[in-house]
Amino acid sequence: MTVLDDLSQWPVDNVAGAIIGPGGVVSTAGDTSRVYELASVTKLLVAQAVLVAVDEEAIDLSTPAGLPGATVRHLLSHASGMAFDSREPQAGPGEQRIYSSAGFETLAELVTAHTDIAFEDYLGEAVCEPLGMTSTVLAGPAGHGARSNIDDLARFAGDLLVPRLLAPETAAAAATVQFPGLDGFVPGYGKHRPCDWGLGYEIRGEKSPHWTGSESSPSTFGHFGQAGTFLWVDPVLGAACVVLTDRPFGAWAKPLWSEFNNAVVNELRR
């Protein structure tokens with residue numbers, strides 16, 4: 001029996017999950033080959049492809065992007081001032097943490113413009129193919145339009161835990177708070193002061209309440225999606241977890257996710 005067995009009691013039609021350690025998958029539950037909509041977990045994949053483009057020197061973190069004065073770094077860390085679902089400014093660059101799916105669409109267009117490769121193809125070549133993620137596709141907007149399964153995302157989470165795709169300094173920067181001290185909202189969890197974010201990764205910091213629970217380290221990073229999906233990596237614990245469901249995020253998820261993730265952390269500490 002592992003904590004993953006608890007997933008079978010969740011109020012969803014379908015669910016699958018995996019716990020990953022430095023050496024690979026530790027345990028799984030459910031049909032790990034079933035493909036789910038990822039919603040905003042897509043942003044982790046897109047951010048990784050953008051960072052590969054940085055390593056390949058197709059773009060730079062300081063490349064202007066989106067709104068006047070904003071850069072790739074601003075867009076990846078939701079600090080550009082761009083609105084959630086439009087490219088209108090709501091603040092100046094570096095002033096607030098405004099969660100923006102439109103910003104990730106802007107990043108995808110930027111990579112395409114600098115590489116002459118359609119972004120969905122670039123994502124496949126830069127991230128999916130090297131990691132053997134054969135069931136993952138970007139079928140919609142770069143902010144929330146990917147589909148994948150546990151088998152693929154376990155490989156991806158393993159690479160976030162022990163980076164191979166990115167240069168060490170790029171991977172370290174991605175998991176480090178960018179523009180420290182900015183306040184902002186985590187969708188579904190309200191305003192946080194500060195609202196820490198890395199380069200595409202939400203960083204737990206001292207946020208409370210939080211979907212990763214209360215037992216994970218402040219350096220835990222990842223993302224959740226409105227499709228009822230999440231992926232987190234705790235570098236202090238040396239573990240990662242992915243759960244995919246087919247029920248949209250809502251009141252049902254908030255207590256279950258926190259309790260489940262606390263149980264995962266406590267089980268791995270034994």
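In the predicted model, glutamate 37 has arginine 147 of β5 as its bridge partner. This pair belongs to the contact between β3 and strand β5 (residues 146–148), which run antiparallel and are joined by two bridges. The two strands form part of an open sheet of three strands, in which the order is β3-β5-β4 and the pairing is antiparallel. At the edges of this sheet lie β3 (36–37) and β4 (137–138), each of which pairs on one side only.

A second site of interest is threonine 220, located in the loop that connects β8 (202–203) with β9 (221–225). With a relative accessible area of 1%, threonine 220 falls under the 20% limit and is therefore classed as buried. Its surroundings, leaving aside residues up to four places away in sequence, consist of Glu202, Ile203, Arg204, Thr212, Trp232, Val233, Asp234 and Pro235, each of which threonine 220 touches. Among these neighbours, aspartate 234 is also linked to threonine 220 through a polar contact of 3.2 Å between the two side chains.

The cysteines were considered next. Cysteine 128 has a relative accessible area of 7% and is therefore buried, the limit being under 20%. For cysteine 195 the corresponding value is 0%, and this residue is likewise buried. A search for disulfides across the whole structure returned zero.

Key
Residues are numbered from 1 along each chain as its sequence is written. This is a predicted model: local features need pLDDT of at least 70, side-chain atom pairs count only at pLDDT 80 or more; totals for chains, interfaces and linings use all residues. Side-chain values use heavy atoms; hydrogens and water are left out. Helices (H or I, at least four residues) and strands (E, at least two) are DSSP runs, numbered from the N terminus. Buried means under 20% relative accessible area, exposed over 50%, partly exposed in between (1.4 Å probe, protein chains only). A polar contact is a pair of N or O atoms within 3.5 Å; within protein, one must be able to donate a hydrogen and the other to accept it, and residues adjacent in sequence count only if both atoms are side-chain atoms. Contact means heavy atoms within 4.5 Å. Two strands pair if DSSP finds at least two bridges between them. A disulfide is a pair of cysteine sulfur atoms within 2.5 Å.
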